[in-house]
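Okay, thanks everyone, let's get going. I'll put the structure up and then talk you through a few things in it.

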Amino acid sequence: MKPLLHRRIAPALVVAQLLYLALMELAFTFLSPGNPEPDRTESARTALLGHGAVVVAVAAVMAGGALVLASSRAAAPVPRPARSALLVLLGLLELGIAAAFPHSAASGSFGPGTVIAGVAVVVSGCVAAGCVLGPAAAPAQRASHDRPTARTTG
């Protein structure tokens, strides 16, 4: 079950989260009600650039973490400390997501947002578990391939 979680399920869930993030960014950008007087101050531009930088950084951590979790071949050239740091960042990000959704659901009324929050908490928990189990299972998998067994020694 461990390899299935961190090699298949967790990366697929991270990709689904990335698609959700992109969909929400597009929706808030293009479907938000128009403001008759756009704010053209320097602070508004700085805030917009800061928001864009945070979204790009989060998306990069999520995409890199999904790649490291999903493919040992793609993760092989990356130094082990960098892989570990990326998975720790992804795990912390997922724990932050898991903490933020119930807070936002509790502050609103029951509805579709509450269901989405419940699903997001479960998804984030699975990804965080995959981040923990991924590095923990990697040495055991390599060790089992290096040892000769009764079938291979004849």
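I'll go from the core, to one of the helices, to a glutamine, and finish on the surface. Just keep in mind that this is a predicted model.

So, the core. The largest nonpolar core has 13 residues, and the ones with the most contacts inside it are V14, V68, L69, L87, L90, V127 and C131. Where do those residues come from? Helix 1, helix 2 (42-70), helix 4 (80-107) and helix 5 (112-146) each put in at least two. Helix 2 gives the largest share, with 5 residues.

Now helix 4. Does its length add up, or what should we expect? With 28 residues at 1.5 Å a residue, helix 4 should span 40 Å; the C-alpha atoms at its ends are 41 Å apart, so that agrees. Its buried residues are R83, L86, L87, L90, G91, E94, I97, A98 and A105, so yes, R83 and E94 are on that list too.

That brings me to Q17, over in helix 1. Buried or exposed? Q17 counts as buried, because its relative accessible area is 13% and the cut-off for buried is under 20%. If you skip the neighbours within four places in sequence, Q17 is in contact with M62, E94, I97, V123, S124 and V127.

Last bit, the surface. In soluble globular proteins, nonpolar side chains tend to be buried together. Here, though, L26, F30 and L31 make a nonpolar surface patch of about 390 Å². F30 lies in helix 1, which covers residues 2-30, and F30 is exposed, at 63% relative accessible area.

That's me, over to you.

Technical notes. Residues numbered from 1 in each chain as written. Predicted model: local features only at pLDDT ≥ 70, side-chain atom pairs only at ≥ 80, totals over all residues. Heavy atoms only, no water. Patch = residues over 30% accessible without salt bridge, like charges linked within 9 Å, V, L, I, M, F, W, Y side chains within 5 Å. Areas by Shrake-Rupley, 256 points an atom, 1.4 Å probe, with all protein chains shown as cover. Salt bridge = Lys/Arg side-chain N within 4 Å of Asp/Glu carboxyl O. Helix = DSSP H or I, 4+ residues; strand = E, 2+ residues; numbered from the N terminus. Buried < 20%, exposed > 50% of the residue type's maximum accessible area, 1.4 Å probe, protein only. Contact = heavy atoms within 4.5 Å. Core = buried A, V, L, I, M, F, W, Y, C linked by side-chain atoms within 4.5 Å. Expected span 1.5 Å × (residues − 1).
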